[in-house]
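User: Hey, I've just opened this one and could use a quick tour. Can we start with the core?

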Amino acid sequence: RRTLVLEETAVAVTAGDEEEGCGTLVIRRWSTAAKPGEDGASETGSVGAEAVTPSVPSSPPSVPSSPSPSLPSPPPSLRCLPHAYLHAGGLLHTSLILPNTRSSPGAEMASVLSSARSILSDLGCTPQDVLSVHLYLADMAAFKAMNGPYAAFFGSTCPPSRICVALGPGSQHAVALDLVAQRGSGDALRHPPPGGTGAGPPLRANLHVQS
């Protein structure tokens, strides 16, 4: 018997789940490790967006078999929302998005943005649809290292508004963020109407300090 390590998980929410305060745990990446005092090669695995529990090699004791409970299959419309909820009308909110590993501020920022891209893509959004970002840094001295991947992700044309907060000592990660997006807004705000006649839609009326 070995220890199962869940390295990356998500909570999938379907219509009606938010009213019940529940969701489906999705295991995206897992590994096994020997228990303390035991030797053995580790194993790793990953799954896609479906809620799947990986099988772990083991040698269970011989016990009389009993019928397994019948569990309902996830609905076909199951969406993987590790930190996000898409409202009617296309408004998207995420909770805190953390890096998948502890590393340098730049590497953690890249990890966070990779997760953010996956969340946005799963819900039909792009980085250009993001309206505002709350950015959290353990140390403001890491701002420059973080800002390179950040600027490359969002671009320099009408980027989202940003509030940067210093968390101070005790933070487990160098970087984290949450965001708000409006699906389809990025393209509409950056391009004039077809034919090039008339004024295009106005740019976002929000605050951004160019960095």
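**The core and the rings**

Analyst: Sure. The largest nonpolar core has 25 residues, and those with the most contacts inside it are Leu 92, Met 109, Leu 120, Val 133, Leu 135, Leu 177 and Leu 179. A nonpolar core here is a set of buried Ala, Val, Leu, Ile, Met, Phe, Trp, Tyr and Cys residues joined through side-chain atoms within 4.5 Å. Buried means under 20% relative accessible area, exposed over 50%, and partly exposed in between, with a 1.4 Å probe and protein chains only.

User: Which elements give two or more residues to this core?

Analyst: Those are β4 (84-86), α2 (105-122), β6 (130-137), α3 (143-154) and β8 (175-182). The largest share, six residues, comes from α2. Helices (H or I, at least four residues) and strands (E, at least two) are DSSP runs, numbered from the N terminus.

User: Is this a prediction, and how are things counted?

Analyst: This is a predicted model: local features need pLDDT of at least 70, side-chain atom pairs count only at pLDDT 80 or more, and totals for chains, interfaces and linings use all residues. Residues are numbered from 1 along each chain as its sequence is written, and side-chain values use heavy atoms, with hydrogens and water left out.

User: What is Leu 120 in contact with?

Analyst: Setting aside neighbours within four places in sequence, Leu 120 is in contact (heavy atoms within 4.5 Å) with Leu 92, Cys 125, Thr 126, Pro 127, Val 130, Phe 153, Leu 179 and Ala 181.

User: Switching topic: how many aromatic pairs are there?

Analyst: A search of the whole structure finds two. Rings of Phe, Tyr and Trp (its six-membered ring) pair if their centres lie within 6.5 Å; planes under 30 degrees apart count as stacked, over 60 as edge-to-face and the rest as tilted. Tyr 150 and Phe 154 have ring centres 4.8 Å apart and planes at 55°, so that pair is tilted. For Phe 153 and Phe 154, the centres are 4.7 Å apart and the planes at 85°, so this pair is edge-to-face. Tyr 150, Phe 153 and Phe 154 form one aromatic cluster.

User: Where do Tyr 150 and Phe 154 lie?

Analyst: Both are in helix α3, four residues apart, about one turn of the helix. Tyr 150 and Phe 154 are both buried.

User: And what sits over the ring of Tyr 150?

Analyst: The charged end of Arg 162, 4.3 Å from the ring centre. That needs NZ of Lys or CZ of Arg within 6 Å of the ring centre and within 35 degrees of the ring normal.
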